[in-house]
Amino acid sequence: TAFGMATLSEQIKMLPPEYGRPVAALNGDYYNTESRYAGDPKGLQILRGELVSGPCDWTCFWIDASGNPHMTNVISRFEVSWPNGQKTSLGLNEKRASSAAVLYTTAIGPSTRTSGGREFILERNGTNAWLPLRAGQSYSAKVREVRETGDSPLNKDVMILSLGKQALARVPKVAPGTALQISTATSPDLGGAMTAIGGGP
């Protein structure tokens with residue numbers, strides 16, 4: 001239910017029985033071993049339709065909505081659109097640099113594990129699509145709260161947009177109640193993909 005470390009055999013044992021009996025397993029992608037983000041995949045990962053990690057510069061393998069397999073490089077177009085029309089590129093569920101903006105969901109665990117910067121707790125704005133996060137979607141989010149301390153708690157109803165100190169200088173001021181647009185677009189489009197994994201180099 002969240003990033004972590006386990007052997008392949010332990011991971012197989014945790015698969016829900018309704019998926020059937022596994023007969024083979026493949027290792028894929030590299031991952032972060034740093035204690036705060038241990039198990040964070042380096043590249044793309046989609047689990048049962050939920051987008052949990054964004055692509056990097058390496059090859060990705062995915063199965064589209066029609067069940068067809070694909071393998072090529074995937075480019076992230078993840079971004080937040082601010083009320084003034086300005087856009088900022090986003091990472092997803094990863095260690096946040098001081099100059100970066102990262103979107104967090106419960107896939108990372110119970111909190112963002114960040115330090116400093118500014119964090120916007122986002123809730124659904126209206127009745128449009130919401131969590132779990134999917135690839136190739138646009139989300140309308142409303143800022144519920146603004147936090148300056150980092151390490152904000154996560155739950156299944158919110159996403160958290162976290163900006164490092166250097167990134168804050170490049171974005172407009174935003175107050176609670178403000179509507180933001182979040183895009184999880186990629187090239188090629190991964191909309192509807194149920195399974196994806198990164199690999200490489």
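Start with the charges: this protein carries 20 positive and 17 negative ones, and the mean positions of the two sets lie 4 Å apart. Keep in mind that what you're looking at is a predicted model.

Now step back and take in the whole chain. The C-alpha atoms fill a box of roughly 50 × 35 × 30 Å, taken along the principal axes. Is that what you'd get from a compact globule? Let's ask it another way: what radius of gyration does the protein have, and what would a compact globule have? For 201 residues, a compact globule would come out near 17 Å, and the protein has 17 Å, so the two agree.

What about inside and outside? Of the 201 residues, 41% count as buried. The accessible surface comes to about 10,700 Å², and carbon and sulfur atoms account for 51% of that. Contacts tell you something about how the chain folds back on itself: among those between residues at least 6 apart in sequence, 67% join residues at least 24 apart.

Next, the building blocks. You'll find 2 helices and 15 strands here. Eight of the strands, 8 in an open sheet, follow the order E7-E6-E13-E11-E10-E12-E9-E8, with mixed pairing. At the edges sit E7 (87-89) and E8 (91-92), each of which pairs on one side only. Step inward from E7 and look at E6 (residues 79-81) beside E13 (residues 179-183): these two run antiparallel and are joined by 3 bridges. To find the spot in the model, look for glutamate 79, which stands opposite serine 183 in E13.

Now for another strand, E3, which covers residues 59-63. Which of its residues lie on the covered face, and which on the uncovered one? Cys60 and Trp62 are on the covered face, while Thr59, Phe61 and Ile63 are on the uncovered face.

E3 has partners, too. With E4 (residues 69-73), it pairs in the antiparallel sense over 5 bridges. Isoleucine 63, which you just met on the uncovered face, stands opposite proline 69 in E4. Together E3 and E4 make a hairpin with 5 residues between the strands, and here glycine 67 takes a positive phi near 90°. E3 also pairs with E15 (residues 195-198), again in the antiparallel sense, over 4 bridges. There, cysteine 60 stands opposite glycine 198. Cys60 is one of the residues on the covered face of E3, so to speak a handy landmark when you trace this part of the model.

Technical notes
Residues numbered from 1 in each chain as written. Predicted model: local features only at pLDDT ≥ 70, side-chain atom pairs only at ≥ 80, totals over all residues. Heavy atoms only, no water. Buried < 20%, exposed > 50% of the residue type's maximum accessible area, 1.4 Å probe, protein only. Pairing = 2+ DSSP bridges. Rg over C-alpha atoms; globule rule 2.2 N^0.38 Å. Contact = heavy atoms within 4.5 Å. Areas by Shrake-Rupley, 256 points an atom, 1.4 Å probe, with all protein chains shown as cover. Lys, Arg positive; Asp, Glu negative; His and termini not counted. Charge placed at Lys NZ, Arg CZ, Asp CG, Glu CD.
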